Amino acid sequence: MRVRPGSTPVGAAGILSGVRLAEVLQRSTEWLAGRGSDSPRLDAEVLIGHALGLQRIALYTEADRPLTDDEMATCRALIARRGELEPVAHITGRRAFGRLDLEVTPDVLVPRPDTEVVVDVVVEVAPEGARIVDWGTGSGAIALSVADLRPDVTVVGLEQSAAALAVAQRNLAAAPELVDRVRLLESDGMTAVVGEPFDLVVSNPPYLVPADLERYPALRHEPEQALVAGPVGTEDHARVAAEAAVALAPGGWLVLEVGEGQAEAVEGILATAGFADLGRRADLAGITRVIWGRSAPPGAPASPGS
Ligand SMILES: C[S@@+](CC[C@H](N)C(=O)[O-])C[C@H]1O[C@@H](n2cnc3c(N)ncnc32)[C@H](O)[C@@H]1O
């Protein structure tokens with residue numbers, strides 16, 4: 001068989017066993033860059049480290065080590081999957097989020113660093129002993145992080161997808177110190193907790209429009225119900241706001257992640273739903289990523305940190 005140069009990872013037909021680790025890393029990086037990865041070196045490091053059972057630092061301390069046939073085959077298979085833009089987290093089954101190391105499968109959204117800003121806001125504004133809802137908990141990233149960082153609060157993670165909820169439950173089971181303060185429930189919106197009062201509702205709801213899936217091919221590996229809200233993109237923000245307005249105690253907080261360009265629309269949604277003292281925070285790229293409001297005239301500072 002003839003193989004077009006660069007058409008297979010780490011030169012599948014060309015590299016023989018015995019190639020040094022450093023060279024495999026370099027060739028994998030170049031190949032992934034050509035396949036559209038926006039972080040080819042990091043991806044190659046994580047995947048080759050995973051394939052070989054090595055910490056990233058060992059990729060460099062053992063740079064001259066030759067790889068065996070089996071090791072080459074394992075590396076090649078993982079790099080090939082990334083070449084199809086499958087998320088690294090799906091390939092390794094893990095994703096770091098804040099202080100947590102979460103299990104991630106194709107049933108859940110891969111938690112994004114942007115969402116750590118949402119967690120920051122919740123951790124800052126939640127009143128002492130707050131009863132918190134995480135609407136659309138997915139892997140449990142927000143619910144578990146907030147419970148981890150604020151030992152005084154209780155959190156209910158709600159999720160409509162049973163398969164996603166199972167992932168969140170395994171992540172909770174891996175953090176036994178949190179199990180007394182975190183409940184995870186299958187629920188369409190807040191239906192499973194109707195009548196329960198809460199002090200804070202947080203959500204990173206779906207906020208894409210269907211055309212975004214065409215525009216960003218890498219998203220095809222993640223569940224559509226975690227990504228797409230509807231033709232406008234803010235449909236789920238409106239639903240969360242309406243449900244939170246009913247469930248929140250007076251002065252309760254609503255904290256929402258928003259997509260790029262959605263801040264003003266979501267502020268309008270919050271105002272219409274009766275929320276006041278609106279605030280916003282940007283992510284590390286300077287894009288407004290979090291919008292919050294309070295359900296009644298506040299007796300506390302309107303802005304985190306103020
Ligand atoms: C953007 S993902 C966020 C997941 C996780 N909170 C995170 O930040 O990584 C949105 C989540 O909301 C869930 N979801 C969508 N519609 C829902 C609904 N009506 N009720 C409950 N969960 C819903 C999806 O299944 C998905 O897990």
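Biologist: Which residues touch the most other members of the largest nonpolar core?

Modeller: Ile132, Val146, Leu200, Val202 and Val255 do, in a core of 33 residues. This is a predicted model, in which local features need pLDDT of at least 70, side-chain atom pairs count only at pLDDT 80 or more, and totals for chains, interfaces and linings use all residues. Residues are numbered from 1 along each chain as its sequence is written, and side-chain values use heavy atoms, without hydrogens or water.

Biologist: What makes a set of residues a nonpolar core?

Modeller: The members are buried Ala, Val, Leu, Ile, Met, Phe, Trp, Tyr and Cys residues, joined through side-chain atoms within 4.5 Å. Buried means under 20% relative accessible area (1.4 Å probe, protein chains only). A second, separate core has 22 residues, including Val133, Val201, Val258 and Ala263.

Biologist: What is Ile132 in contact with, leaving aside its neighbours within four places in sequence?

Modeller: Its partners include Val122, Val146, Phe198, Leu200 and Val202; contact means heavy atoms within 4.5 Å.

Biologist: Why is the pair formed by Gly136 and the ligand called a polar contact?

Modeller: A polar backbone atom of Gly136 is 2.9 Å from a nitrogen atom of the ligand. A polar contact is a pair of N or O atoms within 3.5 Å, so this pair qualifies. For Gly189, a backbone N or O atom lies 2.8 Å from a ligand nitrogen.

Biologist: How much of the ligand's accessible area does the protein cover?

Modeller: The protein covers 96% of the 590 Å² that the ligand has on its own, by the Shrake-Rupley method with a 1.4 Å probe.

Notes:
Buried < 20%, exposed > 50% of the residue type's maximum accessible area, 1.4 Å probe, protein only. Polar contact = N/O pair within 3.5 Å; in protein donor to acceptor, adjacent residues only side chain to side chain.
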